[in-house]
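Here are my notes on this model, point by point. Please read them with the coordinates open.

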2 protein chains.
Amino acid sequence: MSTVSKAVSLLELFTLHEPEIGLSDLARRAGLDKATARRLLMALAGHRLIEQEPKSRRYRLGAGLSRLARIRDAHFPFVRLAAPVIRELSLETGETVHLSEFSAGALLTLHVELSAKANRVNVDVGQVLPLHGTASGIAFLAASRLEVVSAYLEKPLQAFTAHTMTGPETLAKAIAFAAASGYSRSSQGYEEGVHSIGAAILGADGQPVGTLSVASPVSRIDDAIAASQGEAAVRAARMISARLTGEG
Amino acid sequence: MSTVSKAVSLLELFTLHEPEIGLSDLARRAGLDKATARRLLMALAGHRLIEQEPKSRRYRLGAGLSRLARIRDAHFPFVRLAAPVIRELSLETGETVHLSEFSAGALLTLHVELSAKANRVNVDVGQVLPLHGTASGIAFLAASRLEVVSAYLEKPLQAFTAHTMTGPETLAKAIAFAAASGYSRSSQGYEEGVHSIGAAILGADGQPVGTLSVASPVSRIDDAIAASQGEAAVRAARMISARLTGEG
DNA sequence: CCCAATCGGTTCACTATTTGAACCAGTGTT
DNA sequence: AACACTGGTTCAAATAGTGAACCGATTGGG
């Protein structure tokens with residue numbers, strides 16, 4: 001494993017729920033020696049990717065990350081353009097809607113608008129979703145080139161619940177449905193009790209760059225509602241695609 | 001130099017004006033061998049800190065950075081905590097007030113509250129300000145460790161207007177004033193006709209993390225007004241520092 | 001109150017990772 | 001067609017990374 005990888009995996013230990021971590025803890029969780037972890041942290045701190053709280057001596061993510069993220073977001077304003085559309089879709093459907101970007105073989109959750117209802121699906125920004133087993137993933141695959149799809153389906157696929165689609169035929173059918181209708185549907189494929197509608201967002205080259213997804217408690221969904229959510233999701237995804245390619 | 005440092009310095013080559021860079025270019029500018037640069041980029045890409053545009057094969061900052069930055073910002077909400085204080089200061093002084101964060105040798109404008117007056121100073125979010133020549137910068141230097149200051153002053157300093165302070169003695173005097181009074185004063189050092197009062201905002205470790213600045217048309221300012229703006233700026237900066245360190 | 005078990009941090013002999021010159025193949029330019 | 005670039009790869013040599021053992025300072029349970 002490369003040193004760089006080890007350093008970055010230290011950064012990845014920080015989460016929304018645990019934004020400050022001590023040295024020993026970091027080392028343990030990253031599977032590194034304390035001395036190694038400390039050296040890596042110092043290197044990261046030198047570039048402001050890590051900061052240390054002087055009182056508690058615990059470490060946290062640094063300002064340099066905000067800077068780099070600003071540079072990226074200015075150039076690739078996916079979230080900025082999509083957020084209002086996501087919000088609108090959340091209000092229209094009354095459900096939680098989230099936006100994901102494809103990166104390194106999976107979907108990374110970038111933005112979430114939670115439903116106002118008490119009984120709602122909660123999704124966290126930063127969550128990584130697999131391409132199979134989520135409505136978003138199926139929608140993404142349906143919009144991808146065939147070679148990408150078959151390459152992905154060749155690998156063994158993990159089942160997350162008893163409902164996760166892992167068989168090639170089952171998946172092919174779901175992908176075909178998404179390709180035909182523009183939206184995908186997944187019931188409890190990733191988490192029990194959660195129903196999702198997904199739609200792909202296309203970049204300027206026509207290739208999918210990410211997805212959006214409407215997530216509801218399965219108890220609230222029937223075929224008619226799913227279909228109306230699907231149509232709304234497709235409209236929203238097209239709107240974002242248009243904005244991305246400069247038509248907005 | 002550590003491998004981690006080299007990898008991060010690759011990330012730091014990307015800017016708002018140049019968000020995509022090719023391999024050879026990256027290697028050249030970072031002073032690394034092409035093979036080395038590529039290996040580091042691949043390691044970074046594995047964690048989504050870098051992405052590669054498949055067509056042009058050029059590299060750009062990755063989505064993982066946005067994810068990490070969001071985690072940091074949720075926990076260390078500089079802008080969120082400072083914004084109401086900035087607004088209050090703007091109302092109190094009747095002038096434009098802006099908030100900056102130190103990053104990579106300069107001050108990055110994060111937030112602006114514009115004056116309600118017709119004749120006012122306009123500042124843009126995202127603007128990068130040099131440490132010399134702006135009141136914010138002088139205030140920042142005055143709060144920094146001596147070694148940081150002397151390292152900065154050793155480099156040749158650009159003059160932005162006929163009034164820009166570039167001489168070491170002049171700057172030392174301005175820094176000494178800021179250190180003594182808590183606020184700095186700069187008249188037309190960065191832009192003609194603009195008078196600024198700056199004050200440093202300190203992090204939990206007592207080191208400055210950023211600044212705030214009151215900017216007025218020079219025609220509205222006399223020594224008494226400047227002094228009262230200075231005191232108000234110091235109060236506001238202290239308030240934000242206190243909030244940042246968890247005392248709010 | 002004390003002892004044991006943490007904590008953050010440091011050292012240095014050992015070793016595994018990183019390095020870079022030389023090498024592809026491909027793509028414009030002249 | 002020759003040239004000067006690109007991005008990408010290889011492998012022996014050299015450098016940077018590693019971790020067990022060690023601090024002194026806190027912390028918390030008995």
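By class, how many nonpolar, polar and charged residues does the surface near DNA strand C have? Point 2 takes this up.

1. Status. This is a predicted model. Every distance and area below is computed from it.

2. Surface near DNA strand C, by class. The answer to the opening question is four nonpolar, seven polar and seven charged residues. In all, 18 residues surround DNA strand C. The closest are T3(A), S24(A), K34(A), R38(A) and K6(B). Of the atoms of DNA strand C that come within 4 Å of the protein, sugar and phosphate account for 69%.

3. Phosphate contacts of DNA strand C. Three side chains deserve a look here. An N or O atom in the side chain of R38(A) is 2.3 Å from a phosphate oxygen of DNA strand C. For K6(B), the side-chain N or O atom is 2.5 Å from a phosphate oxygen of that strand. For R39(B), the corresponding distance is 2.7 Å. Both R38(A) and K6(B) also appear in the list of closest residues. Four elements give two or more residues each to this surface. From chain A they are α2 (23-30) and α3; from chain B, α1 (3-11) and α3.

4. Surface near DNA strand D. Now the other strand. DNA strand D is surrounded by 18 residues. K6(A), S24(B), K34(B), R38(B) and Y59(B) are the closest. Sugar and phosphate make up 69% of the atoms of DNA strand D that come within 4 Å of the protein. By class, this surface has four nonpolar, seven polar and seven charged residues. Chain A supplies at least two residues from each of α1 (3-11) and α3 (34-46). Chain B does so from each of α2 (23-30) and α3 (34-46).

5. Phosphate contacts of DNA strand D. Which part of L23(B) lies 2.8 Å from a phosphate oxygen of DNA strand D, backbone or side chain? A polar backbone atom does. With R39(A), a polar side-chain atom lies 2.8 Å from a phosphate oxygen of DNA strand D. With Q52(B), a polar side-chain atom lies 3.1 Å from a phosphate oxygen of this strand.

6. Interface between the chains. Here 49 residues of chain A are in contact with 47 residues of chain B. The area buried between chain A and chain B is about 4,200 Å². Carbon and sulfur atoms give 66% of that area. Which three residues supply more than any other three of the area that chain A buries against chain B? They are V4(A), H47(A) and R72(A), with 15%.

7. Domains of chain A. Chain A is divided into domain 1 (3-68) and domain 2 (76-244). The C-alpha centres of domain 1 and domain 2 of chain A lie 32 Å apart.

8. Six-stranded sheet in chain A. The strand order is β6-β5-β4-β9-β8-β7. The sheet is open, and its pairing is antiparallel. Its edge strands are β6 (128-129) and β7 (184-187) of chain A, each pairing on one side only. Four bridges join β7(A) to β8 (residues 194-202) of chain A, in the antiparallel sense. R185(A) stands opposite I197(A) in β8(A).

9. Three-stranded sheet in chain B. This open sheet runs β1-β3-β2, with antiparallel pairing. At the edges are β1 (20-21) and β2 (50-52) of chain B, and each pairs on one side only. Two bridges link β1(B) to β3 (residues 59-61) of chain B, in the antiparallel sense. E20(B) stands opposite R60(B) in β3(B). One of the strands leads back to the DNA: β2 of chain B spans 50-52, and Q52(B) has the phosphate contact of 3.1 Å with DNA strand D.

How values were computed
Residues are numbered from 1 along each chain as its sequence is written. Chains are lettered from A and ligands numbered from 1 in the order in which they are written. This is a predicted model: local features need pLDDT of at least 70, side-chain atom pairs count only at pLDDT 80 or more; totals for chains, interfaces and linings use all residues. Side-chain values use heavy atoms; hydrogens and water are left out. A residue is near a molecule or strand if one of its heavy atoms lies within 4 Å of it. A polar contact is a pair of N or O atoms within 3.5 Å; within protein, one must be able to donate a hydrogen and the other to accept it, and residues adjacent in sequence count only if both atoms are side-chain atoms. Ala, Val, Leu, Ile, Met, Phe, Trp, Tyr, Cys and Pro count as nonpolar, Asp, Glu, Lys and Arg as charged, and the others, Gly among them, as polar. Two strands pair if DSSP finds at least two bridges between them. Domain bounds come from an automatic or database domain assignment. Contact means heavy atoms within 4.5 Å. Buried area is the accessible area (1.4 Å probe) that two parts lose on being put together, summed over both.
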